[in-house]
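Biologist: I'm new to this structure and would love a close look at one part of it. Could you take the salt bridges and then show me what surrounds them?

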Amino acid sequence: MLDFAIFAVTFVVILVGAVLYLYPSSRRASGVPGLNPTEEKDGNLQDIVNRGSLHEFLVGLHDQFGSVASFWFGRRPVVSLGSVGQLRQHINPNRTTDSFETMLKSLLGYQSGTGVGGTEALMRKKVYEGAINKTLESNFPLLLKLVEELVGKWELYPKSQHTPLCAHLLGLSMKAVTQLAMGSRFANDTEVINFRKNHGAIWAEIGKGFLDGSLEKSSSRKAHYESALAEMESVLKSVIKEKSGRGSMCIWAVHFLSISEAVQEKLHQELIDVLGDGPVSLDKIPQLRYCQQVLNETVRTAKLTPIAARLQEVEGKVDQHVIPKETLVIYALGVVLQDADTWTLPYRFDPDRFTDESVMKSFSLLGFSGNQACPELRFAYTVAAVLLSTLVRRLRLHRVEGQVVESKYELVTTPKDDTWITVSKWN
């Protein structure tokens with residue numbers, strides 16, 4: 001399962017346990033081509049910071065050394081895989097641990113346990129899927145109500161008014177998470193705003209502070225983080241990984257539609273054909289096939305989850321390279337999602353590419369659909385489908401001329417600054 005926040009475990013494992021590791025005789029990680037450590041203590045961490053993000057560092061790494069490359073986190077060697085072919089080789093036969101739970105327990109101060117077996121992990125996933133399905137079924141009217149309220153507000157805006165997507169859609173996502181998970185307490189906007197501030201503080205430090213060690217070097221930031229974490233724990237200890245994937249998917253989907261008029265019109269027509277004058281429902285969402293393609297292409301084009309990571313349980317192999325036990329293996333998803341050998345015209349937003357069965361197989365392999373997809377991803381797709389089916393059926397989306405949208409690559413890819421659109425009614 002490629003969790004939206006899985007890469008955060010990398011930093012916890014490394015920063016907590018780096019002192020336990022010594023350099024092997026080779027300065028290269030397992031003989032895989034790549035970078036030597038630039039500093040004995042920090043490895044290539046400063047190189048990552050200099051590039052701006054781990055994703056941007058990996059783009060350069062794979063450009064230089066190919067689809068299987070290595071570098072150093074502290075004193076620990078890391079192998080990064082940057083193509084569908086290499087990921088397919090690694091995912092299928094090699095045993096690896098899914099360490100999100102370990103990361104979460106470490107951050108919240110719980111005592112870490114040992115990894116669970118495959119059968120137990122599968123049972124847990126099924127229980128989790130069942131809980132999410134039940135939540136969607138029992139709370140779907142509430143989700144639809146929250147979306148209707150937002151779209152109703154936008155309908156009142158004059159065509160010239162600029163609408164901030166991040167502010168509105170992250171707010172919608174947070175309302176959906178808190179009210180569906182915790183009930184009417186979060187119908188009050190003040191509760192939602194306070195919860196979102198605490199969540200934002202925690203998420204920012206997981207995404208950056210553990211990467212460059214800056215959290216430990218700033219007493220004020222650490223105090224703010226710990227205070228936010230304490231408040232968050234008192235409300236819901238497991239909510240840390242729930243919001244950002246959903247909110248970011250909605251933001252990017254609306255943004256891409258606003259700059260892709262033909263795609264928007266095709267989606268609008270599908271919504272009219274499938275839904276008519278009635279509201280969207282859970283049983284009709286699977287019939288919105290083009291809407292699903294739009295969301296798939298949103299995830300791919302935005303590189304929504306740029307990084308995933310696995311810890312090798314037993315010795316494995318990719319191509320001619322042996323991956324020793326306990327090696328950290330990074331899936332450079334942001335690199336893979338725009339690999340020209342896998343995706344035709346990879347930088348173009350083109351939902352029609354997902355009519356190709358081979359494209360869907362590659363997408364599923366990466367964990368974004370099918371059996372490999374994590375349960376919360378279905379929740380994210382459902383929230384986004386409800387938003388688009390309500391919004392695009394009633395309003396036409398327009399880009400703001402001259403606006404340049406840049407990406408910020410952390411655990412989930414988001415715009416660096418708020419993104420703006422305007423809206424008008426369909427003729």
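Modeller: Here is the walk you asked for, salt bridges first and their surroundings after. A bit of housekeeping: this is a predicted model, where local features need pLDDT of at least 70 and side-chain atom pairs count only at pLDDT 80 or more, while totals for chains, interfaces and linings use all residues. Residues are numbered from 1 along each chain as its sequence is written, and side-chain values use heavy atoms, with hydrogens and water left out.

The structure holds 10 salt bridges (a side-chain nitrogen of Lys or Arg within 4 Å of a carboxyl oxygen of Asp or Glu). One of them brings together the side chains of R394 and E148, at 2.5 Å from N to O. That contact links distant parts of the chain: R394 sits in helix α16 and E148 in helix α6 (residues 118-155), 246 residues apart. Helices here are DSSP runs of H or I with at least four residues, strands are runs of E with at least two, and both are numbered from the N terminus. R394 counts as partly exposed at 26% relative accessibility, and E148 is partly exposed too, at 31%. As for the wording, buried means under 20% relative accessible area, exposed means over 50%, and partly exposed is in between (1.4 Å probe, protein chains only).

R394 also meets the side chain of E155 in a salt bridge, at 2.8 Å from N to O. Since E155 is in helix α6 and R394 in helix α16, this pair ties together parts that are 239 residues apart in sequence. E155 is partly exposed, with 26% relative accessibility.

Now for a salt bridge elsewhere: the side chains of E297 and R353 meet at 2.9 Å, N to O. E297 belongs to helix α13 (residues 289-302) and R353 to the loop between α14 and α15, so the pair ties together parts 56 residues apart in sequence. E297 is buried, with a relative accessible area of 0%, and R353 is buried at 9%. Back to the earlier trio: salt bridges that share partners join E148, E155 and R394 into one network.

Helix α16 covers residues 375-394, and the loop between it and α15 (357-365) holds C374. C374 is also flagged in the UniProt record: a "binding site" annotation from an unreviewed entry covers it. UniProt positions are given in the numbering used here, feature names are shortened, and annotations may be inferred rather than shown by experiment. At 2% relative accessibility, C374 counts as buried. In α15, the buried residues are V359, S362, F363, S364 and L365, and the helix is followed by G367, whose phi is positive, near 95°.

Next comes a sheet. L395 has K425 of β12 as its bridge partner. Five bridges join β9 to strand β12 (residues 420-425), and the two run antiparallel; two strands pair if DSSP finds at least two bridges between them. They belong to an open, antiparallel sheet of three strands in the order β4-β12-β9. β4 (163-164) and β9 (395-399) stand at its edges with a single partner strand each, so one side of each is left without a neighbour in the sheet.

Going back to the R353 loop, there's an aromatic story as well. A search of the whole structure finds six aromatic pairs (Phe, Tyr or six-membered Trp rings with centres within 6.5 Å; planes under 30 degrees apart count as stacked, over 60 as edge-to-face, the rest as tilted). F57 and F71 form an edge-to-face pair, 5.0 Å centre to centre with 70° between the planes. F57 lies in helix α3 (residues 54-65) and F71 in strand β1 (residues 68-73), so the pair ties together parts 14 residues apart in sequence. F57 and F71 are both buried. F256 and F349, in contrast, are stacked, at 4.8 Å centre to centre and 20° between the planes. Here F256 of helix α11 (residues 243-258) is linked to F349, in the loop between α14 (333-336) and α15, 93 residues away. F256 and F349 are buried as well.
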